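Colleague: I'm new to this one, so could you walk me through it while I look? I'll just ask things as they come up.

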Amino acid sequence: MTGQTPTKVDMDKIVSLCRRRGFIFPSSEIYGGLSSCWDYGPLGVELKQNIKQAWWRAVVQERDDMVGLDASILMHPQTWAASGHLEGFSDPLVECKSCHLRWRSDEVKDNSCPSCGGELTEPRLFNLMFKTFMGPIEEEASVVYLRPETAQGMFVNFQNVVNTTRKKLPLGIAQIGKAFRNEITTGNFIFRSREFEQMEIEFFVKPGTDKEWFNYWLEERLNWYVKLGIKRENLQLRPHTKDELAHYARECIDIDYLFPMGWSELEGIANRGDFDLVQHASHSGKELNYFDEETKEHFVPYIIEPSAGVDRSALAFLCDAYDEESDNDEIRVLLHLHPTLAPIKVAVLPLSRREKLVALAKQIYADLRQRWMVQYDDAQSIGRRYRRQDEIGTPFCITIDFQSLEDEQATIRERDTMNQIRIPISELKTALAAKLGGEELFVLPPGGKIWKVEREGGEL
Ligand code: GAP
């Protein structure tokens, strides 16, 4: 722990920023929206993409013991009988006899409707999986489900992956994809929605080494959030008690984040034992075990599962990055997003719309966008343009002024410190690559030479 006090941001501010700047919109908004479904706008899609890339890089690209997978969303219906979702993935619900709203039975008191006070029905089980039909005839035989988690695609492909990659245990499979749950209690923006995206790892290990790998992944995953900018004091580990453990889990610890509504699950790390492979072997009639060539043993691997949500991660990164600073008479709203996650890495801002300046600025813009997501903005005062970029978390702005036409230098301005320096235009790309890669701000190459550092608005 850092000893810092955890801090919460107001959800309304996050929702308003996301709406205003094009991160996230209600789904089908022109029709009044669709409950608990969200559309990611131009900046949101970049943020989400960056989160997924950072995860994939950390858990697949940079490791020898992990491979990726992209299984289909629709799976054989037997999958859900084997996994326990057909039977166990349901909540007891009560329905109000007057207004017909449904509630989780463990959330209501006195058998009266929390909305209108009406009388409630007896609790009934309600399955959380979305049902649909495969083929042209809507009959029970053609029922398929939208997957409620990506995990099952990895269990049923375990043998395929082992056979085709010739990898030895411990071996992990990683997958990113959409999941669907007909959630009863939704809300809190993108925290709990009916269509969402997961980033899941199924890590197959020899029984007996599972505890060690469980602890390993817990630490890896916690560190991933911290490395990408989440304050450690806003994260905590919460072990599941025996009676809240999922039917498949031997042990589970949630990484909770201090969301605006309080501490809530960001990611769960579970020790699933041999539950999944045993279940799928028995339902499919196929052997799902592993032959250890060294010890000549056959065994069913245990599975450690770190399961994260893309949308919840996006919400946590946005909440943690949100900041307001007083700047003279105004409030400077900014997102301290890690450069890896920032939707736009650089903004190119010509000081005026004069032809020669615009030509140079457009040339720089065209060059930089070969490499990064870059915005060009020449509307309104330079101060307003800086603020617009601060609010969406752009780490660097490049300003082109009249002097640039003579000395072939441009100003780089950094979001968090508002420090500014002038550097040769020919070195912009190298300097930005170093900065975006995480080097100390404004110690620029070549040879770590330090250019003049100015504070926005004047003084050196
Ligand atoms: N395979 C295990 C599994 O799916 P889970 O705790 O139900 O476990 C894992 O889900 C993660 O998926 C959660 O920690 C959360 O980040 C995300 N998640 C689950 N349900 C969600 C929902 N309705 N909306 C958004 N994210 C959700």
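Colleague: Are Phe203 and Trp217 buried or exposed?

Modeller: Phe203 is buried, and Trp217 is buried too, where buried means under 20% relative accessible area, exposed over 50% and partly exposed in between, with a 1.4 Å probe and protein chains only. Please keep in mind that this is a predicted model, in which local features need pLDDT of at least 70 and side-chain atom pairs count only at pLDDT 80 or more, while totals for chains, interfaces and linings use all residues. Residues are numbered from 1 along each chain as its sequence is written, and side-chain values use heavy atoms, with hydrogens and water left out.

Colleague: How many aromatic pairs are there?

Modeller: The count comes to 14 aromatic pairs, a pair being two rings of Phe, Tyr or Trp (its six-membered ring) with centres within 6.5 Å, called stacked if the planes are under 30 degrees apart, edge-to-face if over 60 and tilted for the rest. Phe203 and Trp217 make one edge-to-face pair, at 5.4 Å centre to centre with 65° between the planes. Because Phe203 lies in strand 10 and Trp217 in helix 7, this pair ties together parts that are 14 residues apart in sequence. Helices (H or I, at least four residues) and strands (E, at least two) are DSSP runs, numbered from the N terminus. Ring pairs also link Phe203, Trp213, Tyr216 and Trp217 into a cluster.

Colleague: And what does strand 10 pair with?

Modeller: Strand 10 runs antiparallel to strand 9 (residues 171-180), with 10 bridges joining them, and also antiparallel to strand 16 (residues 302-309), with six bridges; two strands pair if DSSP finds at least two bridges between them. On the strand 9 side, Gly172 has Phe203 as its bridge partner, and on the strand 16 side, Val205 is partnered by Tyr302.

Colleague: How many residues of strand 10 are buried?

Modeller: In strand 10, which covers residues 195-205, 10 of the 11 residues are buried.

Colleague: Switching topic, what lines the second largest pocket?

Modeller: Its volume is about 510 Å³, and 18 residues line it, those closest to its centre being Ala54, Arg57, Ala58, Glu62 and Trp224. Helix 2 (42-61) and helix 7 (210-227) each supply at least two residues of this lining, and helix 2 gives the most, with seven.

Colleague: How do you define a pocket there?

Modeller: On a 1 Å grid over the protein atoms alone, a pocket is an open set of points where a 1.4 Å probe fits, with protein on both sides within 12 Å along at least five of seven lines, and lining residues have an atom within 4 Å of a point. The grid points are joined across faces, edges and corners, and the volume is the space filled by probe spheres set on the points.

Colleague: Which residue forms a salt bridge with Glu62?

Modeller: Glu62 forms a salt bridge with Arg57, their closest N and O atoms being 3.0 Å apart, where the term means a side-chain nitrogen of Lys or Arg within 4 Å of a carboxyl oxygen of Asp or Glu. Glu62 counts as exposed because its relative accessibility is 53%, whereas Arg57, at 45%, counts as partly exposed.

Colleague: Where is there a buried one, and how many salt bridges in total?

Modeller: The structure holds 32 salt bridges, including one between Asp276 and Arg272 at 2.8 Å, N to O, and both Asp276 and Arg272 are buried.
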